[in-house]
Amino acid sequence: MTSVRYGHLVIVIRHCGVMLTKELFLKRVSDITPIGSDNPWTVDDFLKENKKELLGYKHIKSKQHIFYPGEMVNANVDEWELSTFCLLLLDFCKLPKKIRQDILCLKHLRNKVVHFGGTKDIPEGMYISYIEKMKRIFRLCEEELNNEKLKSELDKIIENDQNIQQKDVEEGEKELKQWFIEDQTFNIGISIENDGKDVGEVKTDLLDYHMKFEEKDRSTNIEISISIGIGWQGEHKQSGELAAAQQDISSGTTSPGESSAKRTFRISIEKIRGDVREMGDPDFENVGPGSIIFKFTCSSVTSLIYLLDYFSGPIIQRRLLDMTMAIEEMIDDLVTLQVYVPSKAYEETIKTLDGVLEHGEGYRSIAYKRQKLSAKIFNDPLYGQIELHPLCVKIIDTPQLQRLRHIKQLETVYLVYPGASHNRFEHSIGVCYLAGKLLRVLKERQPELDITTKDILCVEVAALCHDLGQGPFSHVFEQKFIPAYTSPDAGWKHEMASVKMFELMLRENNGQLYDDFKRMIPSFEDRDIIFIKELIGVRRDINGENWPYSGRNKLKSFLYEVVANHVTGVDVDRWDYIARDSYMLGMENGFDHNRCIQHARVLTAEGRKQICYREKAAQDIYDMFYARLTLYRRAYQHKTHNIIGLMVCNALHDANDHISYIGENGASVKMSDTIYDMKAYTYFTDDVIQMIQRSSKKSLEKSKATVERIVRRDFYKCICQTQVKVTEQKDRFEKASVQENLFNRINQKRIDERDLSEILEIDVVNLDYGSKDKDPVTNVWFFKKGQEDTPIRIDKDQVSFVLPDTFAEQYIRVYCSETDQELFDAIEESFAEWCKENKIPQPKGSRKPFASSSGQP
């Protein structure tokens with residue numbers, strides 16, 4: 001009597017397979033109707049058009065009467081078998097890639113069932129796995145067909161796992177075996193049943209050892225070698241082309257005129273090596289006609305577990321599928337590949353671990369010697385213990401990156417909020433971590449994106465280096481200090497300096513870091529350096545007709561959205577500073593970036609690949625922009641912080657000609673010129689204020705007096721302020737026009753002839769959701785559940801009816817560096833008049849009402 005689970009699986013594969021492939025075939029026949037035909041093709045049209053090629057198949061020729069029954073008689077597809085539909089779909093119907101993969105997966109399941117036989121029941125876990133694979137095949141094919149009746153019939157067969165008729169099982173088993181035999185012109189099966197161990201089992205064993213190491217307080221940082229193989233064997237003579245392809249892989253050569261299949265096979269192996277290189281750089285231990293075995297040396301038990309995670313995860317399945325299809329093309333037959341750990345390699349690994357557990361790390365004759373190249377654990381207040389790649393550690397240990405320890409993340413906000421004393425250094429590490437996290441999730445979720453280990457590492461490096469060019473006091477330096485020394489057309493931005501600092505980093509130390517890049521980045525190319533610089537440099541238009549970058553092509557355009565997304569504003573840089581700044585300021589943060597990562601997906605929209613989000617994440621993205629606005633309103637543009645920033649800027653202006661730094665050629669470089677000399681810029685940090693304060697130079701007395709006022713908290717005064725609702729760009733006020741109008745009014749009310757520009761500052765603060773006066777979420781693409789490949793836009797009314805109608809506002813403030821009550825009164829009166837004239841709210845905190853110039857209240 002046939003076992004129940006085996007019998008049910010046979011019936012599911014046979015009956016469901018026939019129903020599904022039949023409907024797919026009929027749809028494809030109609031879809032491939034030649035352009036210009038009056039009516040859609042019928043099955044007979046298809047058979048007639050392809051008769052010569054079809055009769056070249058033994059399977060078709062032996063049953064010619066079924067396919068070509070004679071004149072005036074139509075072919076009856078109800079008489080066709082599963083093998084026929086699969087043959088026609090794969091070889092004649094130009095299937096979409098996803099559906100082709102599903103049909104191949106159906107054939108693989110057939111192989112497993114035929115090899116297993118029905119003498120004993122299939123293990124329950126294996127049976128459930130096979131059924132789930134069938135369900136996945138059905139779901140994807142059903143999306144192609146959109147046939148509810150078919151879906152219902154398939155569900156009934158899958159759910160009916162008890163009422164199994166022996167006769168149906170025997171007929172199905174016979175048909176599947178015959179199909180298998182017909183496919184086997186060159187038979188390849190799995191070669192390792194008795195010579196290896198399942199990767200998943202090895203991973204389970206290692207997790208147990210990891211716990212034992214922790215219980216005994218043993219370090220898991222020990223060097224471990226292990227071999228992992230991809231194996232198969234043939235019952236007949238080996239394919240010469242396959243053997244030659246494997247030989248090329250082992251020697252690292254490329255054969256002239258190699259076939260497409262051979263090239264795909266070689267590239268698949270190279271991609272596997274690239275995927276795992278950061279966990280343990282692999283060598284080929286053995287390459288034979290029946291297997292490929294990699295040898296890895298990992299730096300810790302944890303790294304080895306990560307390695308096995310890869311070899312048992314979804315990305316390797318994509319690689320194996322590519323290899324399978326390439327081998328099938330080379331040898332003209334069906335292939336099943338298996339990943340395994342050879343018994344000898346497994347036994348040696350376990351022996352090593354047992355020895356270290358028993359005797360400690362001294363048991364190993366090969367000590368852990370790669371400490372200087374190892375990953376490093378950072379204990380971050382937001383993310384806990386995070387591990388960074390050895391190359392990132394090398395970068396962190398450079399003067400250019402260490403410089404960021406001395407530049408405050410929030411400029412002088414720590415003088416308003418005492419906890420906000422964190423630096424650009426820890427922010428850069430956080431952005432690096434989030435960039436890697438997001439890309440690894442996308443890589444696992446969408447293997448078809450072909451996100452390589454090299455891509456991830458390059459983006460992580462860019463994330464780590466994106467703020468290298470920030471000057472002392474960040475935005476005060478970039479937006480207030482430097483513009484006074486450069487032409488308006490120069491448009492200097494800190495991103496320019498970030499690129500230059502990155503280049504200096506690679507040049508210094510006799511080029512050692514550049515050598516580390518070449519050694520540690522998998523399959524390193526010079527364009528990887530270009531790619532990193534493009535990620536951290538000044539933005540370019542990636543939505544234009546011509547692709548503006550050369551580091552990566554347009555197929556990987558989404559990589560340019562990870563660190564700094566200039567299209568939607570949703571990026572890991574923003575995620576980190578919102579979380580980190582809120583935490584250090586002691587403010588509540590209602591936004592959780594993990595939900596965005598959980599719901600992210602890359603889709604093609606507007607002609608390029610973009611990072612999109614599940615529609616249910618729309619509220620989270622609004623929360624992100626609102627959290628950003630809140631930080632700007634309460635901290636980044638706090639009036640006292642802005643006043644201190646103005647005072648710092650004044651102190652730097654007064655000291656500019658009297659403080660210098662040593663540049664690359666040994667010359668002295670004053671502060672405003674450091675943007676042209678990155679060696680000097682390396683030493684220019686926030687501590688310039690302490691340098692001024694400690695100085696005894698007479699030339700710095702004026703600058704020092706300003707710094708002393710900051711220390712004593714004798715700040716300039718905010719005389720008055722108001723806010724402006726911005727619904728359109730025309731509603732915005734520009735600083736120059738506001739200043740001219742106010743200064744004219746104030747001068748009419750005072751006798752003092754001092755230049756107001758020396759004692760007053762007009763501060764025009766723009767607050768918005770990140771897209772000026774527009775709803776920023778209109779720039780973001782989303783997708784719906786069940787329609788994951790279709791990008792859509794979402795209107796805010798689809799998210800919530802209590803979202804704002806206005807997404808921007810302005811604060812207009814007047815600061816004064818002197819204490820003069822008569823001047824204060826003139827300022828307040830003039831400002832009130834200006835507000836009334838422009839129909840905007842009266843100043844906040846006005847001490848008395850002011851009459852208009854016409855005498856009206």
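A charge is taken to sit over a ring if NZ of Lys or CZ of Arg is within 6 Å of the ring centre and within 35 degrees of the ring normal. In this predicted model, Arg 403 lies over the face of Tyr 681, at 4.5 Å from the ring centre, and the charged end of Lys 408 is placed over the ring of Tyr 414, 5.2 Å from the centre of that ring.

Tyr 681 also leads into the contacts between rings, since it belongs to one aromatic cluster together with Phe 477, Phe 481, Tyr 485, Trp 492, Tyr 661 and Phe 684. Across the whole structure, a search finds 29 aromatic pairs. One of them joins Tyr 310 and Phe 311, whose ring centres are 5.2 Å apart and whose planes meet at 85 degrees, so the pair is edge-to-face; Tyr 310 and Phe 311 are both buried. Within the cluster, Phe 481 and Tyr 485 form a tilted pair, with 5.0 Å from centre to centre and 50 degrees between the planes. Phe 481 has 0% relative accessibility and therefore counts as buried, whereas Tyr 485, with a relative accessible area of 32%, is partly exposed.

The backbone offers two further places to look, each in a loop between helices. Asp 450, in the loop between helix H19 (424-445) and helix H20 (453-465), has a positive phi near 55 degrees although it is a residue other than glycine, and at 19% relative accessibility Asp 450 counts as buried. Phe 473, in the loop between H20 and helix H21 (474-481), is likewise not a glycine and has a positive phi of about 60 degrees; its relative accessibility is 4%, so Phe 473 counts as buried.

How values were computed. Residues numbered from 1 in each chain as written. Predicted model: local features only at pLDDT ≥ 70, side-chain atom pairs only at ≥ 80, totals over all residues. Heavy atoms only, no water. Phe/Tyr/Trp six-rings, centres within 6.5 Å; stacked < 30°, edge-to-face > 60°. Buried < 20%, exposed > 50% of the residue type's maximum accessible area, 1.4 Å probe, protein only. Helix = DSSP H or I, 4+ residues; strand = E, 2+ residues; numbered from the N terminus.
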